[in-house]
Amino acid sequence: MTTRINTVDAFPAAPEALGLPGEAELARLAARFFNEPPSSVPLEARTPEAAPRTEQDGQETAAQPIFDVPLPDILELANWTPPDARTGSPFYFLDDAPPLYPAGISVPVTRPAPGLAPFSSGQAIPGQPFDVHAVRNDFPILAETVNGRSLVWLDNAATTQKPQAVIDRLAYFYAHENSNIHRAAHELAARATDAFEAARETVRRFVHARSVNEIIFVRGTTEGINLVAQSWGRQHLLPGDEILITWLEHHANIVPWQQLAAQTGAALKVAPVNDRGEISLDEYTRLLGPKTRFVAFTQVSNALGTVTPAAEMTRLAQACGAKVLIDGAQSVLHMRTDVQALGCDWFVFSGHKVFGPTGIGALYGKEELLNATDPWQGGGNMIQDVTFERTLYQDAPARFEAGTGNIAGAVGLGAALEYVERIGIDNIARHEHDLLRYGTRLLSEIPGLKIIGQAAEKAGVLSFVLEGRGTLEIGSALNKAGIAVRAGHHCAQPILRRFGLEATVRPSLALYNTHDDLDALAAALLKLVRTGKPGG
């Protein structure tokens, strides 16, 4: 009989047989971690949490298990070992990785043991290791079902899901603090102003800026880049000056510079990448020169996951007298951000990419640079004094925050960054590195699948194409299995065309993803390859 994996299965054998904690030890751990007395009910007698249920034809039925691939197929993928680097493996950066599982274990045991109570990561005991299952409990949307299947959210490069702490903070703001900020003399205005400015301090701390005056709230990365282009850029660039970007850029870090070049007469130059999707520092350096006035590049590619040598690129550009903007939209959720260590003049990111609300983001800029730059929008809040003859502007950050901004969004962004701080960005980075390594191994063994972007330094992205299948077809098939990925050009057409492509399928990772999520993806793709139908 063919054995199949079910997402609600318990261990495939007795825990003791696999070298895992037995019943007594699990009960002791439960008492220690969750402050509960050990249960007298044996684990095998406890009822596992029921599978998600869905309505079909008026009847309530259990959601179907995600995995529908024979167990030997999964074992074959899970035990894959990369070839030696000398054979020319594109995944040479995995060659020295330790085994995925302890000796004797063929299938990853990544589900919580039945009977253990969940806890909130907000109450995690200091010093305890990262617990992805506790984290998942903080994200209510992960309990959703799609097409009768448990949701597998692998579209994090497009947007991340929101923890309950952020949802609750937004609700509290609107229930108890809602007001316009800064100028009113009543209690709610004071509450709203305090919450808004506290969020600014949280952003400052998160990116390690020197002062809250260096943090400007914007709608997101796109608006932040346009702000710099249409303020500092229009004020300083002249005909013959050069703007340098790279082939890795999102359209939001290409189009504003094209527009600015057309407006000012500056020239736009592009640093190339190699066949692995990495910036060639030699070529980048060759393009820098006395005419280079401005450099903009991403810290992590949204299409390939490439991590750029941002600090070195910044140093080289500033040595030529250029100003530097770093697009951090795809990096803030994966790695520690330190704008002082990077040395950049501006750094910008979006809240919804780091578990916060949509419509809010932040632009860091060096304070003296911001105060020497003309504002790009005029209106209320950004002025010291207005007459019909002239206007005096405030210093940063108010200088660049004309009108009523997204006050609740800023408060929610602050809550999201505090959530990340409680878990620890280094813990998140380690967890995601393991996921990236594991997912690379699984996908690389699927017949006809090619991973696009094989840089030695990657974060959170597993773009691929599958021979004989269109990207939209694959995305639709995965959706039928409850798996959310992005299929298309990812607003990064130039870098995909560098590899002769118009589109890829892009699974992307975040702190709440698990080996199970990647197993589900691989199983669905295997079934699609073999039968023409999605897994499930």
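**Exercise 1. A helix and its surroundings**

Which residues in helix 6 are buried? Find them in this predicted model, then decide how the helix sits in the structure.

*Solution.* Start with the helix itself: helix 6 covers residues 221-236, 16 residues in total. From first C-alpha to last it reaches 22 Å, close to the 22 Å expected at 1.5 Å a residue. Next, collect the buried residues: Thr221, Glu223, Gly224, Ile225, Asn226, Leu227, Val228, Ala229, Gln230, Ser231, Trp232 and Gly233. Finally, draw the conclusion: twelve of the 16 residues are buried, so helix 6 is largely enclosed by the rest of the structure.

**Exercise 2. A histidine in a loop**

Work out where His490 is placed and what it is in contact with.

*Solution.* Begin with the position: His490 is in the loop between strand 18 (486-488) and helix 15 (493-498). Now check the accessibility. The relative accessible area of His490 is 8%, and buried means under 20%, so His490 is buried. Then look for partners, leaving aside neighbours within four places in sequence: His490 is in contact with His250, Asn302, Ala303, Ser463, Leu496, Thr504 and Arg506. With one of these, Thr504, the side chain of His490 makes a polar contact of 2.7 Å.

**Exercise 3. Two helices that pack**

Describe how helix 14 and helix 16 are arranged.

*Solution.* Two packed helices are described by the angle between their axes and the distance between the axes. Helix 14 (residues 471-480) and helix 16 (residues 515-531) pack at about 120 degrees, and their axes are 10 Å apart. The roughly perpendicular range is 65 to 115 degrees, and roughly antiparallel needs over 145. The two helices are therefore oblique to each other. Their crossing is right-handed. To see who meets whom, pick out Ile474, Ala477 and Leu478 in helix 14; they meet Leu521, Ala524, Leu525 and Leu528 in helix 16.

**Exercise 4. Unusual backbone values**

Compare the loop residues His208 and Phe355: is each buried or partly exposed? Then find a cis peptide bond.

*Solution.* Most residues other than glycine have a negative phi, and most peptide bonds are trans. His208, though not a glycine, has a positive phi of about 65 degrees. His208 lies between helix 5 (187-207) and strand 6 (215-218), and at 38% relative accessibility it counts as partly exposed. Phe355 also has a positive phi, near 75 degrees. Its loop runs between strand 11 (346-350) and strand 12 (361-365), and at 0% relative accessibility Phe355 counts as buried. As for the cis bond, look from Ala396 to Pro397, where omega is near 10 degrees.

Methods. Residues are numbered from 1 along each chain as its sequence is written. This is a predicted model: local features need pLDDT of at least 70, side-chain atom pairs count only at pLDDT 80 or more; totals for chains, interfaces and linings use all residues. Side-chain values use heavy atoms; hydrogens and water are left out. Helices (H or I, at least four residues) and strands (E, at least two) are DSSP runs, numbered from the N terminus. The expected span of a helix is 1.5 Å times one less than its number of residues. Buried means under 20% relative accessible area, exposed over 50%, partly exposed in between (1.4 Å probe, protein chains only). A polar contact is a pair of N or O atoms within 3.5 Å; within protein, one must be able to donate a hydrogen and the other to accept it, and residues adjacent in sequence count only if both atoms are side-chain atoms. Contact means heavy atoms within 4.5 Å. Axes are lines fitted to C-alpha atoms, for helices over the stretch in contact, and angles run from 0 to 180 degrees between N-to-C directions. Angles under 35 degrees count as roughly parallel, over 145 as roughly antiparallel, 65 to 115 as roughly perpendicular and the rest as oblique. A crossing is left-handed if the near helix is turned anticlockwise from the far one by less than a right angle, and right-handed if clockwise.
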